[in-house]
Amino acid sequence: MHRRTETRTWTGSGLKFTGLGHYYPRTHRTHDGEVTLDGRTYPPQTAQELGVRALHVADEDETVEFMAVQAATSALANAGREADDLDLVVLANWTDRQWIPEIAPGVAAGLGAHGALAFDVCGACTGFVHGVQTAASMLTAHPGWKRAVVVAADRFTRRARPGTRGQLVFGDAAGAVVLEKGDPDDPSGLIDSVLDCDAAEADTVAARAPEGFLRPKPELIDLAVRSSLKVAGNLLDRNDLKTSEIDWLVPHPGNNAIHAGVRDGLDLEPARFLTNFAERGNTGCASIPIALSEYAEKGVVRSGDLVLSTAVGSGWYYGGLLYRL
């Protein structure tokens with residue numbers, strides 16, 4: 001088995017998240033009391049067990065492209081930038097993949113970023129990590145490029161098989177960041193990233209044609225916990241950090257069992273495990289940027305905070321980001 005050189009990927013690159021944004025669909029469905037969906041009634045304790053009190057469901061006009069434009073517009077405004085300032089637009093999405101054209105060029109056109117290179121990436125629920133790592137690589141490779149928008153958008157509700165508990169967990173949303181190249185001596189910014197693949201576990205979660213409904217295997221929870229802990233351990237070890245030195249773990253959330261396993265494995269107090277899973281559900285690749293944006297807007301996450309984000313997804317992909325806001 002080959003091994004990669006263990007180095008801090010982005011330290012000294014000057015790459016930094018300068019803007020955060022999110023979009024939630026208009027319909028916010030709550031799970032108070034009994035919930036009936038597609039002819040199946042769930043008692044109140046089912047939602048309590050799954051840990052999702054509410055989630056958003058996109059209407060037909062709230063497409064991935066539409067949601068991505070809204071989130072990216074919000075991130076640009078937060079950064080104090082215009083769409084014309086962008087060199088690159090990267091869209092992460094897995095729930096609404098299409099043959100051609102890719103969705104990202106439509107997002108760039110909707111933003112007015114007519115001079116930007118725009119393309120899609122997938123990576124399932126690791127899509128945001130994939131998108132940030134890809135954008136960082138391209139900004140670093142092109143000396144004249146300064147700025148990218150990475151937006152993650154999924155309509156996860158459409159991937160829940162009717163009559164299954166996934167309907168109480170999967171939500172729709174879009175989140176975005178502006179990634180800029182600035183002062184390499186700035187202590188804030190993107191520090192490190194990893195993204196790996198275990199192809200032997202590719203079918204642990206699948207969504208196949210024609211319906212595209214998610215089909216997880218029973219071993220998903222254990223694999224997700226192990227993979228998340230491996231990512232966190234890798235990023236912490238090679239950056240000489242302890243869990244106690246991280247201000248926030250902002251992960252891609254899966255379910256309560258995965259959350260408990262990751263917290264226990266890292267010996268992390270619950271107050272520093274930051275998700276909006278209870279009110280937004282599992283929003284696929286959008287989960288990390290929407291949490292960052294929402295909690296920054298609320299003043300919970302602040303400039304200077306050291307954040308670790310981990311994600312796992314079908315493929316089997318597992319990856320993470322280490323950064324200071």
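This briefing describes the overall fold, the two open sheets, the internal cavity and some backbone details of one protein chain. The model is predicted, and its secondary structure comes to eight helices and 15 strands. For a chain of 325 residues, a compact globule would have a radius of gyration near 20 Å, and the value of 19 Å found for this protein chain agrees with that expectation. Along its principal axes, the C-alpha trace spans about 55 × 45 × 40 Å.

**The five-stranded sheet**

- One open sheet is built from five strands in the order E1-E9-E8-E6-E7, and the pairing within this sheet is mixed.
- The edges are held by strand E1 (15-23) and strand E7 (117-121), and because each has a single partner strand, one side of each is left without a neighbour in the sheet.
- On average, and with direction ignored, neighbouring strands of this sheet are turned by 20 degrees against each other.
- Within the sheet, strand E6 (residues 88-92) pairs with strand E8 (residues 147-155) in the parallel sense, over five bridges, and Ala92 has Ala152 of E8 as its bridge partner.
- Helix H2 (residues 64-79) lies across E1, E6, E8 and strand E9 (172-181), and the direction in which H2 runs is at about 130 degrees to E1.

**The four-stranded sheet**

- Another open sheet has four strands in the order E10-E15-E14-E13, again with mixed pairing.
- Here the edge positions belong to strand E10 (189-197) and strand E13 (248-249); each has a single partner strand, so one side of each is left without a neighbour in the sheet.
- Strand E14 (residues 306-313) and strand E15 (residues 317-324) pair over eight bridges in the antiparallel sense, with Gly313 standing opposite Tyr317 in E15.
- Helix H5 (residues 220-238) lies across E10, E14 and E15, and runs at about 145 degrees to E14.
- Helix H8 (residues 287-297) also packs on the sheet, where H8 touches E14 and E15, and its direction makes about 155 degrees with that of E14.

**The internal cavity**

- When cavities of 30 Å³ or more are counted, the count comes to one, and the largest cavity has a volume of about 40 Å³.
- The residues that line the largest cavity are Leu236, Thr243, Ile246, Leu249, Leu266, Leu268 and Leu308.
- By residue class, this lining divides into six nonpolar residues, one polar residue and no charged residues.

**Backbone details in loops**

- A cis peptide bond, with omega of about 5 degrees, joins Ala209 and Pro210, and Pro210 is found in the loop between strand E11 (205-207) and strand E12 (214-216).
- The peptide bond from Gly315 to Trp316 is also cis, with omega near -10 degrees, and Trp316 has its place in the loop between E14 and E15, the two strands that pair in the antiparallel sense.
- Asp38, a residue other than glycine, has a positive phi near 50 degrees, and Asp38 lies in the loop between strand E3 (35-37) and strand E4 (40-42).

Definitions and conventions. Residues are numbered from 1 along each chain as its sequence is written. This is a predicted model: local features need pLDDT of at least 70, side-chain atom pairs count only at pLDDT 80 or more; totals for chains, interfaces and linings use all residues. Side-chain values use heavy atoms; hydrogens and water are left out. Two strands pair if DSSP finds at least two bridges between them. Axes are lines fitted to C-alpha atoms, for helices over the stretch in contact, and angles run from 0 to 180 degrees between N-to-C directions. Contact means heavy atoms within 4.5 Å. On a 1 Å grid over the protein atoms alone, a cavity is a set of points where a 1.4 Å probe fits but cannot get out, and a pocket is an open set with protein on both sides within 12 Å along at least five of seven lines; lining residues have an atom within 4 Å of a point. Grid points are joined across faces, edges and corners, and a volume is the space filled by probe spheres set on the points. Ala, Val, Leu, Ile, Met, Phe, Trp, Tyr, Cys and Pro count as nonpolar, Asp, Glu, Lys and Arg as charged, and the others, Gly among them, as polar. The radius of gyration is taken over C-alpha atoms; the globule rule is 2.2 Å times the number of residues to the power 0.38.
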